[in-house]
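Grab a viewer and a coffee, and let's work through some exercises on the structure below. Each one sets a task and then walks through a solution.

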Amino acid sequence: MREIRIHGRGGQGAVTLSGLVAIAGIDEGKYAQAFPSFGPERRGAPVMAFVRMSDSPIETRERIYHPDIVMVLDSSLLALLDVSRGLRKDGIVILNTRKGISQLRETFGLDSRLAIVDANTIAREVLGLPITNTTMLGALLKATGIVGIEAIEDALDRRFGRLSEKNKAAMHRGIEETVVA
Amino acid sequence: MSRRVGIEVSIAVAEAVRLADVDVVAAYPITPQTHIIEHISELIATGQLDANFIPVESEHAAMSCCCGSSAAGARTFTSSSSQGLLLMSEVLFIPGPLRLPIVMVVADRALSAPINIWNDHQDIMSQRDIGWIQTFAQNGQEAFDLTLHAFRVAEDRRVSLPMIVTIDGFILSHVIEPVKLLTQEEVNQYLPPFKPRYRLDPKRPITMGPVGIPEVYTEAKVAHNEALKASKKVILQGWKEFADLFGRQYHPVETYRSEDADILLVTMGSISETAIGAVDAMRDRGQKVGLARILLWRPFPGPEFRRATRGAKALAVVDRCLPPGATSGPVGTELRSLFYKVPGAPKIFNFIAGLGGRDVRVKHLEEMVDKTMAYIKRRPKELYEVIGAHEK
């Protein structure tokens, strides 16, 4: 089983992202759970969303304490929270950032595997909005291969309808431009 | 053919309500049942469900509308949680004795004070004695299946009673997970149209709910109680036919690795899945532990529970509700009463956990089992204890 914790701010699409990953996995025949950090939702405030993905039925309703994958949709959160809290030893942190790998390690003490992408720039260029969740979806696929591109594209089609082409384009830019280190 | 989809459990419940082709939905918004009613109102607004949605001014009015519409012969649904369920409470005692088969999904949430929107079972347990059939789902599939089962059983003329399906707020209501949705054709095979024996009709006037003077009140209460107890046969039949058609079989008490277990965890609702993981972990370490999950809470399935737990030395009974000043939690009290002076009965130890959204983890369930093992040898001082609370 693999577990994902997504950090974002209310309105950036962290919860939508968690749902897309779970639905794509379920469509591939896997077992998955996606859930938000339960509570009142506030635009702009730090939020979390979670995904579990497994080849066998998932027999737990615990919260996620030790993720394999952490995603950070908003780099301003790095200064506020320890995003790698509880991360498993071989885990990876996937960041939306303009900073380079060595700078991130130095400034924020991130010592796990990292994957980085400038999702703000991509999202602005492709979508015209700084909503980075679908670009970060590309980064997740590149860094982990947790679900297949085809299943995610299907899920995007169903979720976004006529907006899905742009979001798929953002995701593909995310796949191309993500650097894993 | 049914399809396996990734879907939010609240939406799956709303889809079950659509497939049941309800006539009337009267509801008032409250967290965390919100998405169920939101989705149903969307289905009605977009013409995917031909029903009347009554956006009432309170839960008291919601249940009053439900009583009226059910009495008029309409298939009726509502949903609520927590304080909303409490505001409904005055009316909740009425449809049972009036034999009105309203179906309600309760997305469980804690009660104020302090105000808290997260999950436990205090709301539903406070309404334990309203005289409705009550089932508890442990996952999204059961939430979907049990909602359809509820219409089938409630409206059966041998039953004619209201029915609640309980799902844990947030922990189930807001989770996306795989659910096998049935098609309209499949549901039509399972759920016949609602044909009440009596209904309010201006052309053929009858009275429902007259005063019950002392000469008849006791008989009315006894009749209601007898009907509730007798409903178990139809509940079981409803599950049997569901299994025959769709392959998923439910039981009043579901067990897991219980056959040779010395200690059984007793749970209700979604923590039962975490308990399965805990049982597996403890079995791997050689502990003879199993699980008995109460799926049917009212009418309480006494014989089935005794059978499911036969041979166990002790039960570690988990309550998600702390009734102040009581001898133990509601499930603990129920089971102590069930087993009182029964020869060979298991010892019963009661643990209260998971209040107001406090996570119930595998380690907490393991702690309960460890304590139960110790208590078999040496009786604890208290009749129950709270697990997972921070020390003073």
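Let's warm up in strand S13 of chain B, where Val317(B) is the bridge partner of Val266(B). Keep in mind that you're looking at a predicted model.

**Exercise 1. Place S10(B) among its strand partners: which strands does S10(B) join, and in what sense?**

Step 1. Start from the pair you just met. S10(B) and S13(B), the latter spanning residues 314-319, run parallel and are joined by 4 bridges.

Step 2. Now go to the other partner. S11(B), residues 289-294, is joined to S10(B) by 5 bridges, and this pair is parallel too. To find the register, look at Ile263(B), which stands opposite Val289(B) in S11(B).

Step 3. Add the connection. Helix H9 (residues 271-284) of chain B completes a right-handed β-α-β unit with S10(B) and S11(B).

**Exercise 2. Decide whether S10(B) is enclosed or open, and check its two faces.**

Step 1. Count buried residues, using the cut-off of 20 or more other C-beta atoms within 10 Å. For S10(B), residues 263-267, the count is 5 of 5, so the strand is largely enclosed by the rest of the structure.

Step 2. Split the strand by face. In a regular strand, side chains alternate between the two faces of the sheet. Here Ile263(B), Leu265(B) and Thr267(B) sit on one side, Leu264(B) and Val266(B) on the other, and both faces are covered.

**Exercise 3. Do the same for S7(B): how many of its residues are buried, and which way do they point?**

Step 1. S7(B) covers residues 163-168, and 6 of its 6 residues are buried.

Step 2. Met163(B), Val165(B) and Ile167(B) point one way, while Ile164(B), Thr166(B) and Asp168(B) point the other.

Step 3. Look at the neighbours. S5(B), residues 103-108, pairs with S7(B) in the parallel sense over 6 bridges, with Asp108(B) and Asp168(B) as bridge partners. S6(B), residues 133-136, also pairs with S7(B) in the parallel sense, over 4 bridges, and there Gln134(B) stands opposite Ile164(B).

Step 4. Close the loop with helix H6 (residues 140-155) of chain B: S6(B), H6(B) and S7(B) make a right-handed β-α-β unit.

**Exercise 4. Explain why Met163(B) counts as buried, and list what it touches.**

Step 1. Met163(B) lies in S7(B). Because it has 27 C-beta neighbours inside 10 Å, Met163(B) counts as buried.

Step 2. Leaving out residues up to four places away in sequence, Met163(B) touches Val103(B), Trp132(B), Ile133(B), Ala150(B), Val153(B) and Ala154(B).

Step 3. For a sense of scale, pick Lys313(B). C-alpha to C-alpha, Met163(B) and Lys313(B) are 34 Å apart, with a sequence separation of 150 residues.

**Exercise 5. Describe how the two domains of chain B meet.**

Step 1. Set the bounds: the domain assignment gives domain 1 (3-246) and domain 2 (253-386). Their C-alpha centres lie 28 Å apart.

Step 2. Count the contact: 25 residues of domain 1 of chain B touch 20 residues of domain 2 of chain B.

Step 3. Break down the domain 1 side. The elements giving two or more residues are helix H5 (122-126), S6, S7 and helix H8 (214-246) of chain B. H8(B) provides the largest share, 5 residues. By class, this side has 10 nonpolar, 10 polar and 5 charged residues.

**Exercise 6. Find out which residues touch the most other members of the largest nonpolar core.**

Step 1. The core has 171 residues, and the answer is Ile94(A), Leu265(B), Val266(B) and Ala316(B). H1(A) supplies the largest share, 9 residues. Domains 1 and 2 of chain B each contribute at least three residues.

Step 2. Zoom in on Ile94(A). Beyond residues up to four places away in sequence, its contacts include Ile69(A), Met71(A), Ala115(A) and Leu140(A).

**Exercise 7. Work out what chain A brings to its contact with chain B.**

Step 1. The contact takes 18 residues from chain A and 21 from chain B.

Step 2. On the chain A side, helix H1 (14-27) and strand S2 (31-36) each give two or more residues. S2(A) gives the most, with 6.

Step 3. Sorted by class, the chain A side has 9 nonpolar, 4 polar and 5 charged residues.

Notes: Residues are numbered from 1 along each chain as its sequence is written. Chains are lettered from A and ligands numbered from 1 in the order in which they are written. This is a predicted model: local features need pLDDT of at least 70, side-chain atom pairs count only at pLDDT 80 or more; totals for chains, interfaces and linings use all residues. Two residues are in contact if their C-beta atoms, placed from the backbone, lie within 7 Å. Ala, Val, Leu, Ile, Met, Phe, Trp, Tyr, Cys and Pro count as nonpolar, Asp, Glu, Lys and Arg as charged, and the others, Gly among them, as polar. A residue is buried if 20 or more other C-beta atoms lie within 10 Å of its own, exposed if 12 or fewer, and partly exposed in between; C-beta atoms are placed from the backbone. Two strands pair if DSSP finds at least two bridges between them. A crossover is right-handed if, with the strands pointing away from the viewer, the path from the first strand over the helix to the second runs clockwise. A nonpolar core is a set of buried Ala, Val, Leu, Ile, Met, Phe, Trp, Tyr and Cys residues joined through C-beta atoms within 7 Å. Domain bounds come from an automatic or database domain assignment.
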